[in-house]
Amino acid sequence: MYKQKHKTSKKLRLEIKKSIYYLRRSLLGIGAAGAMSVPVQGKPLENSQASSETNYPASTQLVNNQTATYERMIEVDIDQEIEKRAQWFVDEFVKATSKHLQLIKKASAAGQKTSYVKQNFFDAVYPKGNLSGRNNYCIAAINRALKDANQYGDISLALPDYQTEGANTVECLRFVNFIAKHGFGKCIQKGYIIPKNLEVGDIVMTPRGGGRYHATTYIGNGKVRSFNNDDEWNIKKQTGIVIKTKELAQEAIRQNLEQQQLISEQKTGKQIISFQKAQMILQILYDGRRIDSHVASLLRQNTDTYHLFAETTPRNILENIKSGREI
């Protein structure tokens, strides 16, 4: 009887040690949430720039001695996250063009079209121009929609400063030249416009004589949304200029993150970065958006295995684990 009891007790201790071994691996290696910890020297991380919903420094660092701490690392597909943000921006832009088209139709029906154009287009993107509202406003209306979509600063690096550079927003070729001059020329295509190659949100400019162009927004199914004419119609194959809005947004967003030193300009695709830096990046990329990414959701909650384990583990065992002592 005694031998059986001793054998059972010994087996239980072995099971406990085995569990602790795997727990340590989880805490100091790759965790269930796809994150991992690496040793770094120095002080524990500060949480001043992290999301208020996440309290990771206290719950993800284990101290083995006086100088070593552990910083949670995570793999993030930077390119994919930037592309998703750019697509969100394009969706917001297209919605803004639809909103203004409906509003200007109402203003026209009420005999207030000129005042609407002045107040909502020219005064918004070219306040110093003192334009009356009777000028052609196709590209000014598009810039107003871009400005609406840019409320979080996604493509500020690509757009004119409307207070000081608004003259570039009221004439098509000026706007194209501004974008090219500021390093986004690869987002501009010139030549034949093939409808099947267009993407929703593309800005399509077609010649209307005298070296001038008419700007429209591609809305899918072979149709463009037009201001001046204030309507939607099927686009025909012809020559002109296309600004690839999604590509423009992707490049502007990437440059913004590079300037803030949150990503490296040499690296693309999946990157393993610190939990804190990942939080800062995704706070920017998900600002104003619904959280629909597993990675972004992960960074907005406490995912620490140690604290989940601690809720159901006796204090003396936890202390032994933290200190490195065996049971």
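Helices and strands are here DSSP runs, numbered from the N terminus; a helix has at least four residues and a strand at least two. With that convention, the tour of this predicted model may begin.

**The whole chain**

Display the entire chain and colour it by secondary structure. The chain has 11 helices and nine strands. Of its 327 residues, 44% count as buried. Among contacts with a sequence separation of 6 or more, 66% join residues that lie 24 or more positions apart.

Next, colour the chain by pLDDT. The average over the chain is 79, and 67% of the residues score at least 70. Select helix H5, residues 138–149, where confidence is highest, at a mean of 98. Then select helix H2, residues 56–60, where confidence is lowest, at a mean of 34. Two stretches should be viewed with this colouring on. Over residues 26–70 the pLDDT stays under 50, and the model gives this stretch 92 contacts beyond four places in sequence. Residues 302–313 also have a pLDDT below 50, with 23 contacts in the model beyond near neighbours in sequence.

**Helices H3 and H4**

Select helix H3 (residues 78–109) together with helix H4 (residues 113–125). Their axes come within 8 Å and cross at roughly 145°. On the H3 side, show the side chains of His100, Leu103, Ile104, Ala107 and Ser108; on the H4 side, show Lys113, Tyr116, Val117 and Phe121, which complete the contact. By class, this contact of H3 with H4 has six nonpolar, two polar and one charged residues.

Keep Val117 on display and add Asn135, which is found in the loop between H4 and H5. Asn135 and Val117 are 18 residues apart in sequence, and their C-alpha atoms are 8.9 Å apart. Asn135 counts as partly exposed, because its relative accessibility is 36%.

**Val170 and its surroundings**

Move on to Val170, in the loop between H5 and helix H6 (172–184). Which residues is Val170 in contact with, leaving aside its neighbours within four places in sequence? Select Phe122, Tyr126, Leu131, Ile139 and Ala140 to display these partners. Tyr137 may be added to the view: it stands 33 residues from Val170 along the chain, and the two C-alpha atoms are separated by 6.7 Å. Val170 has a relative accessibility of 18% and therefore counts as buried, the cut-off being under 20%.

**The cysteines**

Select Cys138 and Cys172 and show their sulfur atoms. Why do these two not form a disulfide? The sulfur of Cys138 is 4.0 Å from that of Cys172, its closest cysteine sulfur, which is too far for a bond, because a disulfide requires sulfur atoms within 2.5 Å. By this rule the count of disulfides comes to zero. Cys138 is buried, with a relative accessible area of 3%. Add Cys187 to the selection: at 2% relative accessibility, Cys187 is buried as well.

**Two loops with positive phi**

Most residues other than glycine have a negative phi. Two residues to inspect next depart from this pattern.

- Select Asn221, in the loop between strand S5 (212–220) and strand S6 (223–226). Asn221 is not a glycine, yet its phi is positive, about 55°. With 77% relative accessibility, Asn221 counts as exposed.
- Select Asp230, in the loop between S6 and strand S7 (231–234). Asp230 likewise has a positive phi of about 55° without being a glycine. Is Asp230 buried or exposed? With a relative accessible area of 9%, Asp230 is buried.

**Helices H7 and H8**

Now select helix H7 (residues 245–259) and helix H8 (residues 275–285). The axes of H7 and H8 come within 12 Å and cross at roughly 145°, and the crossing is right-handed. Show Ile253, Asn256 and Leu257 in H7, which meet Ile281, Ile284 and Leu285 in H8. The residues of this contact divide into five nonpolar, one polar and no charged.

**Last stop: Ile74**

Finally, select Ile74 in strand S2, residues 68–77, together with Lys277. These two residues are 203 positions apart in sequence, while their C-alpha atoms are 9.6 Å apart in space. Ile74 is buried, with a relative accessible area of 3%.

Methods: Residues numbered from 1 in each chain as written. Predicted model: local features only at pLDDT ≥ 70, side-chain atom pairs only at ≥ 80, totals over all residues. Heavy atoms only, no water. Axes fitted to C-alpha atoms, helices over the stretch in contact; angles between N-to-C directions. Left-handed = near helix turned anticlockwise from the far one by under 90°. Contact = heavy atoms within 4.5 Å. Nonpolar A, V, L, I, M, F, W, Y, C, P; charged D, E, K, R; others polar. Buried < 20%, exposed > 50% of the residue type's maximum accessible area, 1.4 Å probe, protein only. pLDDT = per-residue confidence, 0-100.
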